[in-house]
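Hi,

Here is the structure I promised to pass on. Have a look at it first, and my notes on the sheets and the helices that go with them follow below.

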Amino acid sequence: MAEAHQAVAFQFTVTPEGPDVQLSHQAFTEIYLSGLRSWKKHIIRFKNSLITGVYPASPSSWLFVVVAILATMYTRSDPSMGLIAKIQEHLPVSQSMSTQCQALVSAVLFSTMLWLLLIFTMRLCLKQLLSYHRWIFEQHGKMSNTTKVWVALVRIFSGRKPQLYSYQGSLPNLPVPAIKDTVKRYLESVRPLMDDTQYEHMNKLAAEFESSLGNRLQWYLKLKAVLATNYVSDWWEKYVYLRGRSPIMVNSNYYGMDFLYVTPTPIQAARAGNTIHAFFLYRCKLNKEEIKPCLLRSAVPCCSYQFERMFDTCRIPGTLTDTVHHWQDSDYVAVYHRGRYFHLTVYQAGRLLSPREIEFQIQRILDDPSPPSKGEANLGALTAGDRIPWAEARMKFFSSGVNKGSLDCIEKAAFFVTLDDDEQGIIGDDPAASLDSYAKSLMHGKCYDRWFDKSFSVIYYKNGKSGINGEHSWADVPVVSHLWEYTLAIDCFQLGYNTEGHCKGEVDSSLPQPQKLEWEIPPECEEQISQSLTVAQALADDVDLHVIVFRDFGKGKIKKCRVSPNAFIQMALQLAYYRDQRKFCLTYESCMTRLFREGRTETVRSCTSDSCAFIRALEGGDVADVCRRLFHTAAEKHQHLYRTAMTGAGIDRHLFCLYVISKYLGVESPFLKEVLSEQWHLSTSQTPFQLLELYDMVNHLEYLSCGGGFGPVSDDGYGVSYAILGDTVINFHISCKHSCAQTDAHKFGAQITKALQDLMQLLSPNQKKPSKTQVSRPEVKKDL
């Protein structure tokens, strides 16, 4: 094979005259350029580490301090108050160094120590400033004088041109709430869901816990908070994600959609060429730390540590617990097509291949007629089934030989690519049904044509549509969403396509053929693959998924009602669930805690006594003025809970960590046991849009992703993800299980639509009620 010959630096044969060695100039050139590229990355990382390490100061500020100290010494004044002389006395120097040279060295050492002390002081001040959270509880446009002064001080101490990780050393640690406060908030959250007897029982358990075991567990947790960067995140990753032994497909992984109404090109290979190139452009910016850190209100930084494992990362199965492995700068992607796996290098002679060259290589894979190896076609089902069988199979069949080499190629790839033979998007005579099919395909595919363990997998469909599937343990949705938004924008607005729909540029036809991975799958392993596929297929078939494009109104009209769009949607979800099930339920809403170092998420318990009172009044036929008053009270309560959770005073992460400590200590807590066994029958999350400067949200709303979704958390509940697009569109992704007779994604979707309309009618009684929601419109294909 041609690619095999180009993978070695020399070849030799034995002749009667002796060994005949043939050196490969091309191979040596590749090795040299690869080494040069690696050293450049090391230098960039060292430079970034230096800049981040001294932030909010800059390396050049050291020279300023040194010159300032030397200048004052030149005027025969001593700014060190005798310290420079003390340093000079204890300076271990040779006798040949002059007194003036010793004084100069001592001054430089003093200046360096003073500079480091100033950096430490600035960081400490910034850390204290960022611990102030009163700003988040103030209404937009009504900033207090204290907050105005605080914002000014934050900007002063924040330095200039921060890089992605510049703020990491200045972010405050997540505080540990007081036991009594968490217990009080918990009891308040469950009160509307329990009758008097149940609530009295839980109140008694809570009082016993608070007065006895809780204090002991709290002491250990405070100790951990002192020693660890974040007292939640490592245990959350380990026990919530990596310890799970059930399939991660549907249960943990999530998906993101392409543009809703636009397909930039109908050519599958071309779409892959542009976006794969854009992914690597993003990774280059990530390695150089050129991505701007997320700033709330243009001043308050969010933690960026989750970006570190975005590329070259894979979840590795284990019998007891999985692990997340991260490698450095893989120069290739792993590609799946029709049951075969390929190694596709995207760098040549030290440069990133152009989009047209990547398209050329992808087309080679699409045109490759070779059949899958024995047992290869359904191999990916191992990552879709239960974790223990996959861990055992990996250890037994993939720990040596050709299988280990091929598996390493997949796991160490920058990311995973699937070339799907299906067509997806808004197509056919039933656009709504096709959108549901598109979502299901992104969530689980055929159960064997994705590698669910990779940090993320990108799917390219036959008609040019694309999508992404993300593994959840290493990071949360906003991080992958940031990457996806950037990639889609670069694909359409910067790279573009020619008039025929192909990527722009020329092709180097001498590029080596993509390398097909080889496998030796024994019958016993094939049997395990078949069993994992059976488990995964049953899970996938049970998923009921529905996507709604709500176009009656968006956040623009909601804001005119003086209501937070997120609170409005959460109230609509509560109303829809009550109408669907005729009862209230424990509701999970995810919010971020990235205001703290290594923060991830916290739970907002959206079902409150206030929301229940409003819904009862509305459904009971109370007058509109009463309902409006109760609605605003419930919405304000929700916003308060959301802000409280964001600022480290949530309920569930604190109780979760106390529960983990109780398990380590081998003690039982009836209170914590009941809390952790509660079922979330309604799990909700908002998909954020962050790179708004790359999109025209007014004139070209069709160039926004439809958002994404996830599977239901409980077997008898709903999972609802929503995305607010501009001022006029809200997308919903609703999931549940067919096996539960009480849930139906389409019926619940209809209830959500009606609830949104009814709430807007309540808050804007003079508007005309829309006759029918515009769910979809014909898709537009554009060649840019």
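Which strands does helix H15 lie across? Keep in mind that this is a predicted model. H15 (residues 431-444) lies across S3, S14 (456-460), S15 (466-470) and S21, and runs at about 135° to S3. Another helix, H16 (residues 477-495), packs on the sheet too, where it touches S3, S14 and S15. The direction of H16 makes about 25° with that of S3.

Now for the sheet itself. It is open and has eight strands, in the order S16-S10-S9-S13-S14-S15-S3-S21, with mixed pairing. At the edges you'll find S16 (515-516) and S21 (708-710), each pairing on one side only. S21 pairs with S3 (residues 254-257) in the antiparallel sense, over three bridges. If you want a spot to zoom in on, try Tyr255, which stands opposite Gly709 in S21.

There's also an open sheet of six strands, again with mixed pairing, and its order is S17-S23-S22-S20-S18-S19. S17 (543-550) and S19 (601-605) are the edge strands here; each has a single partner strand, so one side of each has no neighbour in the sheet. From one strand to the next, the twist averages 20°.

S17 runs antiparallel to S23 (residues 729-737), and eight bridges join the two. Among the pairs to look up is Leu545, whose bridge partner in S23 is Ser735. Helix H24 (residues 745-763) packs on this sheet, touching S17, S20 (682-686), S22 (718-725) and S23. Its direction makes about 25° with that of S17.

Cheers

Key:
Residues are numbered from 1 along each chain as its sequence is written. This is a predicted model: local features need pLDDT of at least 70, side-chain atom pairs count only at pLDDT 80 or more; totals for chains, interfaces and linings use all residues. Side-chain values use heavy atoms; hydrogens and water are left out. Two strands pair if DSSP finds at least two bridges between them. Helices (H or I, at least four residues) and strands (E, at least two) are DSSP runs, numbered from the N terminus. Contact means heavy atoms within 4.5 Å. Axes are lines fitted to C-alpha atoms, for helices over the stretch in contact, and angles run from 0 to 180 degrees between N-to-C directions.
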